[in-house]
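Reader: I'm new to this structure and would love a close look at one part of it. Could you walk me through a pair of neighbouring strands, and then show me what lies around them?

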Amino acid sequence: MKKSIFVLIGTRKGAFFLKSDGKRQKWAIQGPHFLGAITHHVVLDPRDRKTLIATVRTGHLGPTVYRSTNFGKTWVESAKPPAFPQKTGGRVVDHVFWLTPGHPDEARVWYAGSSPQGLFRSEDGGNTWEGVSGFNDHPQRVKWNGVEQDQTPDGGKMHSVLIDPRDPKHMYLGMSSGGVVETTDCGKTWRALNKGLDRAFAIDDPDVGHDPHCVQLHPTQPDRLYMQNHCGIYRIDRPSDTWVRIGKSMPKPIGDVGFPITLHPRDPDTLWVFPMDGTQVWPRVSPGGKPAAYRSKNGGKTWQRQDSGLPRAQAWFTVKRQAMAADHEPTVGVYFGTTSGELWMSRNEGAKWSCIAQHLPHIYSVETAHT
């Protein structure tokens with residue numbers, strides 16, 4: 001069967017798909033899907049390679065989830081999208097932000113993270129969703145998140161829902177302004193995992209004031225996690241409970257502030273980040289208008305600037321936390337989408353970049369898929 005590679009793009013005005021073969025030389029664009037609706041995340045189920053789930057916020061109907069089994073030819077809305085029960089004191093899902101397919105042993109399970117921060121689980125392939133009460137009703141939830149409406153511009157996010165490939169009961173969550181938490185009993189109980197992190201907000205409690213932007217777990221070495229944080233780039237090697245700031249070795253004029261972090265699918269020492277201007281006003285643009293990815297091949301000890309093919313000056317975009325991804329090809333392809341609606345890719349692990357789509361709406365997320 002002929003191999004196809006897809007890049008799934010969520011934007012402020014709908015979803016778009018790019019398709020290519022294994023050579024990744026020519027790309028065909030499909031879409032838009034959900035034109036005019038905010039699409040935060042689109043994910044292909046790697047277990048069956050045919051089920052697409054998309055989180056959509058429509059202008060009049062609010063937040064929901066759609067499912068397709070024919071690669072977007074038709075979509076069916078979830079019969080019961082993620083929602084907080086009315087008894088939770090007025091908490092209402094503003095949008096569903098993050099999607100994670102369940103463990104391979106749980107074929108129809110999905111997880112979703114919302115804004116404000118909530119965790120939801122589906123056991124029927126995304127048709128109906130229930131809140132994970134162990135987190136959503138946790139007595140420390142409000143403390144971890146600071147306030148219901150944190151200082152994230154469009155609301156606090158539950159993101160980086162990570163499942164240990166060795167154990168479906170072992171999970172991590174990342175929360176904007178809420179830190180990282182871990183469960184070993186499928187969400188019944190949780191504990192904070194923030195030791196070693198610098199804090200974005202000065203609060204006496206050491207588990208409060210943390211702001212992870214994106215957390216990744218390496219699939220072949222799941223005891224290693226990386227984080228792009230409001231306060232730098234970090235790594236943890238379990239069973240240690242202490243994060244180490246590996247971003248200190250980034251060039252000082254660039255710094256180690258950004259939103260996305262992406263891992264090589266087979267090499268746990270190789271990762272990419274996309275720095276942004278982290279000065280006091282936080283303009284959320286490329287430093288100096290000169291965008292570049294940075295790659296480390298030794299777990300963050302040293303970093304290499306990768307800007308070949310990218311604009312040399314006056315390019316003031318940045319890349320959001322979900323908008324950078326890697327494929328699984330022998331020579332890994334790396335992709336990122338920009339706030340100015342461009343999709344860039346490298347066929348050679350960041351050595352050279354090319355723009356493969358432009359004039360799209362503001363890009364929120366980028367995922368790769370193989371069929």
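Author: Strand 8 and strand 9, the latter covering residues 110-115, pair in the antiparallel sense over 6 bridges. To find a spot where the two face one another, look for Thr100, which stands opposite Tyr111 in strand 9. Please keep in mind that this is a predicted model. Strands of a sheet pair through backbone hydrogen bonds, either parallel or antiparallel.

The pair belongs to an open sheet of 4 strands with the order 8-9-10-11, and the pairing in that sheet is antiparallel. Strand 8 (95-101) and strand 11 (130-131) stand at the edges; each has a single partner strand, so one side of each is left without a neighbour in the sheet.

Let's move a little further along the chain, to helix 1. This helix takes in residues 133-136, and Phe135 is found there. Is Phe135 buried or exposed? Phe135 is buried because its relative accessible area, 0%, falls under the 20% cut-off. Leaving aside neighbours within four places in sequence, Phe135 has contacts that include Gln117, Gly118 and Leu119, as well as Trp144, Met158, Met175 and Trp190. Phe120 lies 15 residues from Phe135 along the chain, and the C-alpha atoms of the two are separated by 9.3 Å.

A similar arrangement of strands can be found earlier in the chain. There, 4 strands form an open sheet in the order 4-5-6-7, with antiparallel pairing. The edges of that sheet are strand 4 (38-44) and strand 7 (76-77), each with a single partner strand, so one side of each lacks a neighbour in the sheet. Within this sheet, strand 5 (residues 52-58) and strand 6 (residues 62-68) pair in the antiparallel sense over 7 bridges. Here you can look for Ile53, which stands opposite Arg67 in strand 6.

Now for the packing of nonpolar side chains. The largest nonpolar core has 30 residues, and those with the most contacts inside it are Tyr335, Phe336 and Leu343. Among the elements that give two or more residues to this core are strand 1 (5-11), strand 2 (14-20), strand 25 (334-337) and strand 28 (363-370). A second, separate core has 17 residues, including Phe97, Ile163, Met171 and Met175.

You may also wonder about the cysteines. How many disulfides does the structure hold? The structure holds 0 disulfides. Cys214 is in none, and the nearest cysteine sulfur, that of Cys231, is 16 Å away. That separation is too far for a bond, because a disulfide needs the two sulfur atoms within 2.5 Å. Both residues are buried: Cys214 has a relative accessible area of 1%, and Cys231 has one of 13%.

Finally, let's step back to the whole protein. Its secondary structure comes to 2 helices and 28 strands. The radius of gyration is 19 Å, close to the 21 Å that the globule rule gives for 371 residues, so the protein is as compact as a globular protein of that length. Along its principal axes, the C-alpha trace spans about 55 × 50 × 40 Å. Buried residues make up 58% of the 371 residues. Of the contacts between residues at least 6 apart in sequence, 51% join residues at least 24 apart. The protein exposes about 15400 Å², and carbon and sulfur atoms supply 51% of that area.

How values were computed. Residues are numbered from 1 along each chain as its sequence is written. This is a predicted model: local features need pLDDT of at least 70, side-chain atom pairs count only at pLDDT 80 or more; totals for chains, interfaces and linings use all residues. Side-chain values use heavy atoms; hydrogens and water are left out. Buried means under 20% relative accessible area, exposed over 50%, partly exposed in between (1.4 Å probe, protein chains only). Two strands pair if DSSP finds at least two bridges between them. The radius of gyration is taken over C-alpha atoms; the globule rule is 2.2 Å times the number of residues to the power 0.38. Contact means heavy atoms within 4.5 Å. Accessible areas come from the Shrake-Rupley method with a 1.4 Å probe; for residues, only the protein chains shown count as cover. A nonpolar core is a set of buried Ala, Val, Leu, Ile, Met, Phe, Trp, Tyr and Cys residues joined through side-chain atoms within 4.5 Å.
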